[in-house]
Number of protein chains: 2
Amino acid sequence: MKQFTKYIIKNSLKRIFLYRACLSRLKLMGVEKVFSYTLANETGVTSEQVRKDFSEFGIKGNKKGGYNTNELLEVMENIFHRNKEHNIILIGMGNLGIALSKHSQFIQRNMNIVATFDIDPFKQKVRSDIPVYSLSRLKEIIDRFKVKVAILAVPEISAQEVTDELVRLGIKGIVNFAPVLLKVPQDVIINNVNLCNELESVIYYVHQQIKADGSKNLELLYKGMKY
Amino acid sequence: MKQFTKYIIKNSLKRIFLYRACLSRLKLMGVEKVFSYTLANETGVTSEQVRKDFSEFGIKGNKKGGYNTNELLEVMENIFHRNKEHNIILIGMGNLGIALSKHSQFIQRNMNIVATFDIDPFKQKVRSDIPVYSLSRLKEIIDRFKVKVAILAVPEISAQEVTDELVRLGIKGIVNFAPVLLKVPQDVIINNVNLCNELESVIYYVHQQIKADGSKNLELLYKGMKY
DNA sequence: GAAATGATGTGAAACAATTCACAAAATACA
DNA sequence: TGTATTTTGTGAATTGTTTCACATCATTTC
């Protein structure tokens, strides 16, 4: 029954992303020491939460001395395996696929899109630094670059089919931009990113806000995930 | 202290998105009646959860008879104010901005990007169905189309500056693609979408999986948000 | 039309996450 | 050196969420 449910992105991991973003900024500003309340203030969580999260990942600070910015950043880089290079493939070179293939932040963070794929031979000619292949060459590339993670930006209709093939060829994690709930074996991680939903939730909350208009009830409306 | 923390996207709202996606599919397949366990099976949650979520939004079904697919869909459309047209603006016509401006799903769901903006006059010439304006015309467009929600796809460096301007001009909700924690007044909703983080979390879990390799501990690793 | 069935809806219980409260340790300073 | 101060780290308490268990009711069946 729960065959394709995945519990992913534990809250504390999401917050680690926040802390890291702050730390990078603080490092640039030349701050050498941070305290749990510094990060707390910057990210809008409590300082106890910061310390609890750290303890979950085994991060230790110095009593009174706080945390060393560089050390802390390094620990976080390790959590996300940033020391290693990660070879990623991208399937679907539509509007979104093209944008993702050019997304410079991926490279900055050691995530290299080694190849992109599309079913349409015309799109395979699109000029880009990254080669665009036909899907028939998936196996070859996945094997050669030992790819474990794929970005899926294909149309809804072909998402499941492509996923099945990816899983067959050994892909273990997928960031899925198609608005479909993919069915995959237990051991494959799916992270769904649905741009419409992201926009619609904002519309939803803006409307709630307008209805409630500055009342205290707002606090209640916003329980759940923190950003 | 918590000035720019926002609690958004309550879990049940996120799940409502899942249910709706299923319902749309079921409707296309001609299914007229659904039961809580139908949706539960399809989305990977429990049937009690489905009913609890529904009760939160005041959705009532028929004892024994389940829910009518069309009625249920309509209720959900109303939750997300889909009956109304929503005028959105998009700021930043880089790779991602261009892809978003062409994203057909937005239009399918009554979310119209009425105008796009960029600081670079060259990009303002880019061919598109949607006009690309200079930022100096923000006020005019926001007022004319009564825009309340904006998509922010500008570089990190200018994100806060543009946000301040948007807020000043009456924008109440922002989908932010820049990897920055924006500072906004209490009554403005921010939804951060960080593509690198989405990819990195998959890499994280794939690595955990490889380490743990099929053990029962995996269940523990995945607690938190459900997808 | 009475009994059996199958679904909803919801308090109560179990579980999970966050906050509180404070001991412990490191530093600063007299 | 000893006392005051500041910050970490973590059990305990609280708060929030999910699951359980079952009363309720509409429908079907006999």
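Tutor: Let's start with a term: a polar contact is a pair of N or O atoms within 3.5 Å; within protein, one must be able to donate a hydrogen and the other to accept it, and residues adjacent in sequence count only if both atoms are side-chain atoms. This is a predicted model, in which local features need pLDDT of at least 70 and side-chain atom pairs count only at pLDDT 80 or more, while totals for chains, interfaces and linings use all residues. Residues are numbered from 1 along each chain as its sequence is written, chains are lettered from A and ligands numbered from 1 in the order in which they are written, and side-chain values use heavy atoms, with hydrogens and water left out.

Student: Which side chain has an N or O atom 2.8 Å from a base oxygen of DNA strand C?

Tutor: That is Lys52(A). On the phosphates of DNA strand C, a polar side-chain atom of Ser36(B) is 2.6 Å from an oxygen, and Lys60(B) has a side-chain N or O atom 3.4 Å from a phosphate oxygen. The elements that give two or more residues to this surface are helix H1 (11-28) and H3 of chain A, with helix H2 (36-43) and H3 of chain B. Helices (H or I, at least four residues) and strands (E, at least two) are DSSP runs, numbered from the N terminus.

Student: How many residues surround DNA strand C, and which are the closest?

Tutor: A residue is near a strand or molecule if one of its heavy atoms lies within 4 Å of it. There are 24 around DNA strand C, the closest being Lys52(A), Ser36(B), Arg51(B), Gly61(B) and Tyr67(B). By class, this surface has 13 charged, eight polar and three nonpolar residues. Here Ala, Val, Leu, Ile, Met, Phe, Trp, Tyr, Cys and Pro count as nonpolar, Asp, Glu, Lys and Arg as charged, and the others, Gly among them, as polar.

Student: What does the protein meet on DNA strand D, sugar and phosphate or bases?

Tutor: Sugar or phosphate supplies 60% of the strand D atoms within 4 Å of the protein, and bases the rest. Tyr67(A) places a polar side-chain atom 2.8 Å from a phosphate oxygen, and Arg15(B) does so at 3.1 Å. Lys52(B) has a side-chain N or O atom 2.9 Å from a base oxygen of strand D. Helix H2 (36-43) and helix H3 (47-56) of chain A, together with helix H1 (11-28) and helix H3 (47-56) of chain B, each give two or more residues to this surface. Its residues divide into 12 charged, eight polar and four nonpolar.

Student: Now the sheet of chain A: what is its strand order?

Tutor: Two strands pair if DSSP finds at least two bridges between them. The order in chain A is S5-S4-S3-S6-S7-S8, an open sheet of six strands with parallel pairing. Strand S5 (132-133) and strand S8 (189-192) stand at the edges with a single partner strand each, so one side of each has no neighbour in the sheet.

Student: Which strands flank S4(A), and how many bridges join them?

Tutor: Strand S3 (residues 86-91) joins S4 (residues 111-117) of chain A through six bridges, with Ile88(A) opposite Ile113(A) and Leu90(A) partnered with Thr116(A). Two bridges link S4(A) to S5(A), also parallel, and Thr116(A) stands opposite Val132(A) there. Buried means under 20% relative accessible area, exposed over 50% and partly exposed in between (1.4 Å probe, protein chains only). Seven of the seven residues of S4(A) are buried, so the strand is largely enclosed by the rest of the structure.

Student: Is there a comparable case in a loop, and where is Asp118(B) placed?

Tutor: Asp118(B) sits in the loop between strand S4 (111-117) and strand S5 (132-133) of chain B, and counts as buried at 7% relative accessibility. The Asp118(B) side chain reaches the backbone nitrogen of Met93(B) at 2.6 Å. Contact means heavy atoms within 4.5 Å; beyond four places in sequence, the contacts of Asp118(B) include Gly92(B), Lys123(B) and Tyr133(B).

Student: Which residues of helix H8 of chain B are buried?

Tutor: In H8 (residues 156-168) of chain B they are Ser158(B), Ala159(B), Val162(B), Thr163(B) and Leu166(B). An α-helix has 3.6 residues a turn, so residues three or four places apart point the same way. The buried residues of H8(B) pack against strand S3 (86-91), helix H7 (138-144), strand S6 (149-152) and strand S7 (173-176) of chain B. Gly170(B), with a positive phi near 105 degrees, follows H8(B).
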